[in-house]
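Biologist: Got a minute to go through this one with me? I'd like to start with the helix packing and then get to the pockets.

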Amino acid sequence: MRIGETYRIIAILALIGIPIGIAAGAIDALFGRVLLAITAFRDAHPWQLIPFLALAGVAIAWVYRRFGKNTGRGMGLVFDVGHGTESEIPLRLVPLIMGGTWITHLFGGSAGREGVAVQIGATLAHWVGRKLPLRDVGNTFLVCGMAAGFAGLFRTPLAACVFALEVLVAGRLEYRALSCALTASFAASMTSGALGLEKFEVPLAEALAITPASLAQLCLAGIVFGLVGGAFAWCLAAAKRQAARIGNPLVRIAVIGVALSVALLALWQGRYAGLGTNLISASFSGEGAGGIFVWDWALKFALTVTTLAAGYQGGEVTPLFSIGASLGVVLAGALGLPLELTAALGYAAVFGGATNTMLAPILIGGEVFGFENLPAFFVVCAVGYLVNGNRSIYTGQTRI
């Protein structure tokens, strides 16, 4: 291919990424703002809503069984399209996943939101790509949409772009999608921001000097966070296998939903319900370790695994952020690292350990907490990536 033709394709893909990002960002803004309102309403009325989590789950499972066809596979379907074993993501996935996630959170399910955003972006972009007369672009538009969905929700365009490039195949970057993913990420982030979706960020007070002693401390932190992230991925897969032994999905989600309602109300009246943003806020509240219990991260871990294994809709990333941040608060003293920095390192590295990615969590650390501590994030996330056991919450991820 002549160099002029190469540049022409790069430019075309970059331009196409802009409207894809705008569309994904607009939907993300709607989804995210409604979800925040739902979360606030549930937090104000836990005893009126959480007891009905099982009934809500049955409704979700019935709708997916009746209308969803293969959309219930969620991120698994996205990965199969990315690897070429499936050819289409039905557009009906978008309203189904949005509605299912809103219901899950309204009634207290411990789940995330990024899976929704990534699936929305991937669905829209893949649909656009199938309509365009472009050849030999492979999964470029799928990757572009994944980046746009992530960026529109979290408003971290650099991390979103790299996440989409590296998550399909662990150890390989989809560089041919770079121009499209980059423009889509920034367009989505700017659009959702313009529509009122706020970005979570906590600038850290000071940068950690890298010395032999601090390097050893960071390596220890990376080992712990990587193992916890890998354990989350392993436990989630195991829990889904065990839950599948209840063959009927309606019965499965009802039985597990009842147990979840009891646990969520018994454990501090919904402290572990929903996204886990309350634990994230407590980790960076300035109260030291006073706002976080030693067991917060473990209970959030267990309840999120149970919620997702039952079949409730959402994602894993925001709960992973909360697990990592609250674990970091607990470990800060033992590791001899500043509390807020350790919480920030856990926020990024547990996410990396669970998704089997390295570059995206490093950039998450920079975009959320400031780039002054980028060397610390690099060390911890790199070590976490090395020790996570090559496990991922995305079972469709290919390893090389």
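Modeller: Sure, and keep in mind that this is a predicted model. Let's begin with H7 and H9: on the H7 side the contact is made by Thr 140, Phe 141, Cys 144, Ala 147, Ala 148, Ala 151 and Gly 152, and they touch Cys 180, Ala 181, Ala 184, Ser 185, Ala 188, Ser 189 and Ser 192 of H9.

Biologist: How many of the residues in that H7 and H9 contact are nonpolar, polar or charged?

Modeller: Nine are nonpolar and five are polar, with no charged residues in the contact of H7 with H9.

Biologist: And at what angle do the axes of H7 and H9 cross?

Modeller: Roughly 30°, and the axes come within 7 Å. H7 (residues 140-154) and H9 (residues 178-194) are therefore roughly parallel to each other.

Biologist: Is the crossing of H7 and H9 left-handed or right-handed?

Modeller: The H7 and H9 crossing is right-handed.

Biologist: OK, switching helices. What about H11 and H13, are they roughly parallel or antiparallel?

Modeller: Roughly antiparallel. H11 (residues 249-266) packs on H13 (residues 296-310) at an angle of about 160°, and their axes are 9 Å apart. The crossing of H11 and H13 is left-handed.

Biologist: Which residues of H11 and H13 meet?

Modeller: H11 brings Arg 252, Ile 253, Ile 256, Leu 260, Ala 263 and Leu 264, while H13 brings Leu 303, Thr 306, Thr 307, Ala 309 and Ala 310. By class, the contact of H11 with H13 has eight nonpolar residues, two polar and one charged.

Biologist: What's the angle between H3 and H5?

Modeller: About 170° for H3 and H5 (residues 93-106), with the axes 9 Å apart. That makes H3 roughly antiparallel to H5. Among the residues in contact are Ile 60, Val 63 and Phe 67 from H3, and Leu 96, Ile 97 and Ile 103 from H5. The contact of H3 with H5 holds nine nonpolar and three polar residues, and no charged ones.

Biologist: Now pockets. How much space lies in the largest pocket?

Modeller: About 900 Å³. Its lining is made of 38 residues, and those nearest the centre of the largest pocket are Gly 72, Arg 73, Lys 240, Leu 308 and Gly 311.

Biologist: Which helix gives the largest share of that lining?

Modeller: H10, with five residues. H3, H4, H6, H10, H11 and H13 each supply at least two residues of the lining.

Biologist: How does the lining of the largest pocket divide into nonpolar, polar and charged residues?

Modeller: The lining has 19 nonpolar residues, 13 polar and six charged.

Methods: Residues numbered from 1 in each chain as written. Predicted model: local features only at pLDDT ≥ 70, side-chain atom pairs only at ≥ 80, totals over all residues. Heavy atoms only, no water. Axes fitted to C-alpha atoms, helices over the stretch in contact; angles between N-to-C directions. Helix = DSSP H or I, 4+ residues; strand = E, 2+ residues; numbered from the N terminus. Parallel < 35°, antiparallel > 145°, perpendicular 65-115°, else oblique. Left-handed = near helix turned anticlockwise from the far one by under 90°. Contact = heavy atoms within 4.5 Å. Nonpolar A, V, L, I, M, F, W, Y, C, P; charged D, E, K, R; others polar. 1 Å grid on protein atoms, 1.4 Å probe; cavity = no way out; pocket = protein on both sides within 12 Å on 5 of 7 lines; lining within 4 Å. Points joined across faces, edges and corners; volume = space filled by probe spheres on them.
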